[in-house]
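Student: I'd like to learn how to read a protein model feature by feature. Please take me through one, step by step.

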Amino acid sequence: MDRIRITGGNQLNGIIPISGAKNAALPLMIASLLTSDTLTLENVPHLADVEQLIRILGNHGVDIAVNGRRESQGEGYSRTVHFTCRTIVDTTAPYELVSKMRASFWVIGPLLARDGKARVSLPGGCAIGTRPVDLFIEGLEALGATMEIDSGYINATAPSGGLIGATYTFPKVSVGATHVMLMAASLARGTTVIHNAAREPEVVDLAQCLTAMGAKIEGAGTSTITIEGVTSLSGARHRVLPDRIETGTYAMAVAMTGGDVLLEGTRASLLENALDTLKLAGATITETETGLRVVRNGNGIHPVDVVTEPFPGFPTDLQAQFMALMTRAQGVSHITETIFENRFMHVQELARLGAKISLSGQMARIEGVSRLKGAPVMATDLRASVSLVIAGLVAEGETVVSRVYHLDRGFERLEEKLNRCGAQVERVSD
Ligand code: UD1
């Protein structure tokens, strides 16, 4: 199994190209189930999660071509991928596939809207918490679907004439459930109004793509979204928005090592709060015509308290990376995680590098230290694993991160991007 070996101590200087957003690409790919025409997505990142979803969509009957070639030949940076689902050949999403990637559960929306039925495995828990699906069930029930749980699966059935528009208020903000409601309501009869919808940029991206496909959606990016159902959707061409989590991760890496890096192809509006936090921590961030320039020269890292929140708050997906940065701050900081109950698995691993962190419920207290020292550490989930890389970039000596498959789920060409800016990061295979 691959490991990543980092030799710490180098500053980062240069250009890092930011890939298309994983968390936008996944729902956009799933939206291809809604139409018999071709949906073309540009800027699709080359990631394990994307490849896994390609396999899952193939099961449902989606034909996939990459840059006009077969999917297996697709290589390199973010690609253009064509998705065509002439007919849905299978409305079942099996446990073996859904348990590997939670987002594949989201096929339930389009399958139900287009074919009137879906049998989708419950995803089960994951490293960062129990992650229930009650909001999906309630939301789709509001559109008239019958939802039954049977042997670990949800059997969803639409009324005979199809889903029916309704007003639904989410009791809690959920990105995935908002995606699913957008897709399902686009093909429902009548108007759907969703209150307390997620406002994440990826929701806006999906709404823009659905609109290009012929959907009638207003209010995406605010907490109330109105969808007027249409009878069918067509193909479209859409460019996946830049990955704000990758952007924030590399911005934190530069804040950690010091240096001067242009994050190319991204924009500040995708992550205002996280950038403001980084500025307080001592980084200088400026938006240029081609991206975001992140600089930290000379000054140390200031401690900053952070609470994770749904967008536009500080994202939970940057919490572990920010904690890595705070391990080297000149003082004490506190990080409170409010989105996922068990998202502190990186704490023990950071401690192996010499970090001083104590946990009390959902809050971590981080006492900055003047040096970290390299050690073998283990990746536990996608974002936690990259926090160990960030810490490794400044740790003395060698840090070896195992279980690298977590990183490959969400970071395109991580070693290459960092090494081009002066880091010493190497992938070693056993
Ligand atoms: C998405 C992102 C993930 C990010 C998360 C929060 C993708 C592929 N994943 O995950 O990277 O960390 O948003 O920004 O886009 N919840 C329920 N019941 C439900 C659904 C969710 O209680 O039916 C809870 C979750 O357990 C969690 C909270 O709601 O505590 C937010 O989760 P949600 O926004 O749904 O996360 P995902 O869409 O799974």
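Student: Let me start at the beginning of the chain. What does Asp 2 count as, at 27% relative accessibility?

Tutor: The general idea is a scale with two cut-offs: buried is under 20% relative accessible area, exposed is over 50%, and partly exposed is in between, using a 1.4 Å probe and the protein chains only. Asp 2 has 27%, so it counts as partly exposed. Before we go on, please note that this is a predicted model, in which local features need pLDDT of at least 70 and side-chain atom pairs count only at pLDDT 80 or more, while totals for chains, interfaces and linings use all residues. Residues are numbered from 1 along each chain as its sequence is written, and side-chain values use heavy atoms, with hydrogens and water left out.

Student: Thanks! Which residue forms a salt bridge with Asp 2?

Tutor: First the rule: a salt bridge needs a side-chain nitrogen of Lys or Arg within 4 Å of a carboxyl oxygen of Asp or Glu. Here the partner is Arg 427, and the closest N and O atoms of this pair are 3.2 Å apart. Arg 427 sits in strand β25 (residues 424-428) and Asp 2 in the segment before β1 (3-7), so the salt bridge ties together parts that are 425 residues apart in sequence. Those element names come from DSSP runs, numbered from the N terminus: helices are H or I with at least four residues, strands are E with at least two. Arg 427 is itself partly exposed, at 29% relative accessibility.

Student: What is the N to O distance in the salt bridge between Asp 408 and Arg 427?

Tutor: These two side chains meet at 2.8 Å, N to O. Again the pair links distant parts of the chain, with Asp 408 in helix α13 (residues 405-410) and Arg 427 in strand β25, 19 residues apart. Through shared partners, salt bridges join Asp 2, Asp 408, Glu 415 and Arg 427 into one network.

Student: How many salt bridges does a search of the whole structure find?

Tutor: The search finds 18. Another one of them joins the side chains of Glu 367 and Arg 365, at 3.6 Å from N to O. Glu 367 is partly exposed at 32%, and Arg 365 is partly exposed at 34%.

Student: Now a strand residue, please. Is Thr 80 buried or exposed?

Tutor: Thr 80 is buried, with a relative accessible area of 16%. Its place is in strand β6 (residues 79-84). To see what surrounds a residue, look for contacts, meaning heavy atoms within 4.5 Å. Leaving out residues up to four places away in sequence, Thr 80 touches Thr 40, Leu 41, Glu 42, Ala 65, Val 66, Asn 67 and Arg 237.

Student: How do I read the backbone? Which peptide bond is cis, with omega near 10°?

Tutor: That is the bond from Phe 311 to Pro 312. Pro 312 lies in the loop between β19 (306-307) and α10 (319-326). Look at phi as well: Asn 43, in strand β3 (residues 38-44), has a positive phi near 65° without being a glycine.

Student: Last topic: the ligand. Which residues come nearest?

Tutor: A residue is near a molecule if one of its heavy atoms lies within 4 Å of it. Of the 19 residues around the ligand, Asp 134, Ser 174, Val 175, Asp 317 and Ile 339 come nearest. The largest share of this shell, 3 residues, comes from α5.

Student: What polar contact does the backbone of Leu 135 make with the ligand?

Tutor: Polar contacts to a ligand are pairs of N or O atoms within 3.5 Å; within protein, one atom must be able to donate a hydrogen and the other to accept it, and residues adjacent in sequence count only if both atoms are side-chain atoms. A polar backbone atom of Leu 135 is 2.8 Å from an oxygen atom of the ligand. For Asn 23, a polar side-chain atom lies 3.1 Å from a ligand oxygen.

Student: How much of the ligand does the protein bury?

Tutor: Alone, the ligand exposes 740 Å², and the protein buries 89% of that. Such areas come from the Shrake-Rupley method with a 1.4 Å probe; for residues, only the protein chains shown count as cover.
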